[in-house]
Amino acid sequence: MNRQFAVLGLGSFGWSVALTLEKMGCDVLAVDDSFEKIQEISEQVSYAVKADVSDPEALQALGGRNLDGAVVAVSENFEASVMATMICKEMGIPKVLAKAKDTLQGTILKKVGADAVVYPEIEMGSRVAKNLVAREFTDWIELSDDYSLVEAAVPKSWVGKCLAELKVRERFDVNVVGIILNGEVDVTFDPQKPLPAEGILILIGANDVLEKFDAKGNK
């Protein structure tokens, strides 16, 4: 079953997140109070619904029990963003990510239940979408349209083994370009040295390969 996300608000940020999630194989429910925006995106996402995201009855009518997450991307009305965030958490949506203009808004959104806050001036919508889907990764940074750099915890089955032995490039089509230990980045990590349990690997690969990458260490 595909992972399911709701994107509430179709400004440029919400639009980018919705389309990126859909392209990654997720089922996306796009919600906005603009009939024109809903019409425009309806053929590009799984579901598109015109509704007021700050109206509890309207949001609850959409259902949320089967959603893996929601992105509150309301652009103009911060009060609506706060209400939507609260409603999403009350509906039991496990991960609610909310957009904020500044740190004050971010603090408020976290206090009312947001699991994470993003600032579109800093983060691109497509990067946020990839981070939502790629549960195995702690970060995802696009290097180009086709390649990205990601960070992932050392898989349990890799602990104590060395990179040379694991043959990561041959088996997974990704390149290990460094490791993070105790907050320090090491790009000259010895490929013959056993991998530590507390390490964070820095990987580079094609986006379609990374999206399928199994960081548990299974091929």
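**Exercise 1. Backbone outliers**

In which loop is Asp 173 found? Locate this residue in the predicted model, and then examine its phi together with that of Lys 167.

*Solution.*
Step 1. Asp 173 belongs to the loop between α8 and β9.
Step 2. Its phi is near 60°, a positive value in a residue other than glycine.
Step 3. Lys 167, likewise not a glycine, has a positive phi of about 55°. This lysine is placed in the loop between α7 and α8.
Step 4. As background, most residues other than glycine have a negative phi.

**Exercise 2. Confidence of the model**

Determine where in the protein chain confidence is lowest and where it is highest.

*Solution.*
Step 1. For the protein chain as a whole, the average pLDDT is 85, and 86% of the residues score at least 70.
Step 2. The minimum falls in helix α6 (residues 125-133), with a mean of 65.
Step 3. The maximum falls in helix α2 (residues 35-41), at 95.

**Exercise 3. The open sheet**

Establish the strand order of the six-stranded sheet, and explain why β3 and β6 each have one side without a neighbour.

*Solution.*
Step 1. Reading across the open sheet gives β3-β2-β1-β4-β5-β6, with parallel pairing.
Step 2. The edge positions are taken by β3 (47-50) and β6 (116-118); each has a single partner strand, so one side of each lacks a neighbour in the sheet.
Step 3. Direction ignored, neighbouring strands of this sheet are turned by 15° against each other on average.
Step 4. For one pairing in detail, take β4 (residues 69-72) and β5 (residues 96-99): they run parallel and are joined by three bridges. Val 72 stands opposite Ala 98 in β5.

**Exercise 4. The aromatic pair**

Identify the one aromatic pair of the structure, describe its geometry, and state which parts of the chain it ties together.

*Solution.*
Step 1. The partners are Trp 158 and Phe 172.
Step 2. Their centres are 5.5 Å apart and their planes stand at 55°. An angle over 60 degrees would count as edge-to-face and one under 30 degrees as stacked, so the pair is classed as tilted.
Step 3. Trp 158 lies in the loop between β8 (147-153) and α7 (163-166), whereas Phe 172 lies in helix α8; the pair therefore ties together parts that are 14 residues apart in sequence.

**Exercise 5. The largest pocket**

Characterise the largest pocket by volume, lining residues, contributing elements and residue class.

*Solution.*
Step 1. The volume is about 250 Å³.
Step 2. The lining consists of 14 residues, and those nearest the centre are Leu 163, Arg 169, Asn 175, Val 176 and Pro 191.
Step 3. At least two lining residues come from each of α8 (168-172) and β9 (174-181). β9 gives the largest share, five residues.
Step 4. Sorted by class, eight residues of the pocket lining are nonpolar, three are polar and three are charged.

**Exercise 6. The cavity**

How many cavities of 30 Å³ or more does the structure hold, and which residues line the largest cavity?

*Solution.*
Step 1. There is one cavity of 30 Å³ or more. The largest cavity holds about 60 Å³ of space.
Step 2. Its lining is formed by Ala 6, Leu 8, Leu 29, Leu 59, Leu 62, Gly 63, Leu 67, Cys 88, Met 91 and Ile 93.
Step 3. Two or more of these residues come from β1 (4-8), and two or more from α3 (56-62).
Step 4. By class, nine residues of the cavity lining are nonpolar, one is polar and none is charged.

Terms used
Residues numbered from 1 in each chain as written. Predicted model: local features only at pLDDT ≥ 70, side-chain atom pairs only at ≥ 80, totals over all residues. Heavy atoms only, no water. 1 Å grid on protein atoms, 1.4 Å probe; cavity = no way out; pocket = protein on both sides within 12 Å on 5 of 7 lines; lining within 4 Å. Points joined across faces, edges and corners; volume = space filled by probe spheres on them. Helix = DSSP H or I, 4+ residues; strand = E, 2+ residues; numbered from the N terminus. Nonpolar A, V, L, I, M, F, W, Y, C, P; charged D, E, K, R; others polar. Pairing = 2+ DSSP bridges. Axes fitted to C-alpha atoms, helices over the stretch in contact; angles between N-to-C directions. pLDDT = per-residue confidence, 0-100. Phe/Tyr/Trp six-rings, centres within 6.5 Å; stacked < 30°, edge-to-face > 60°.
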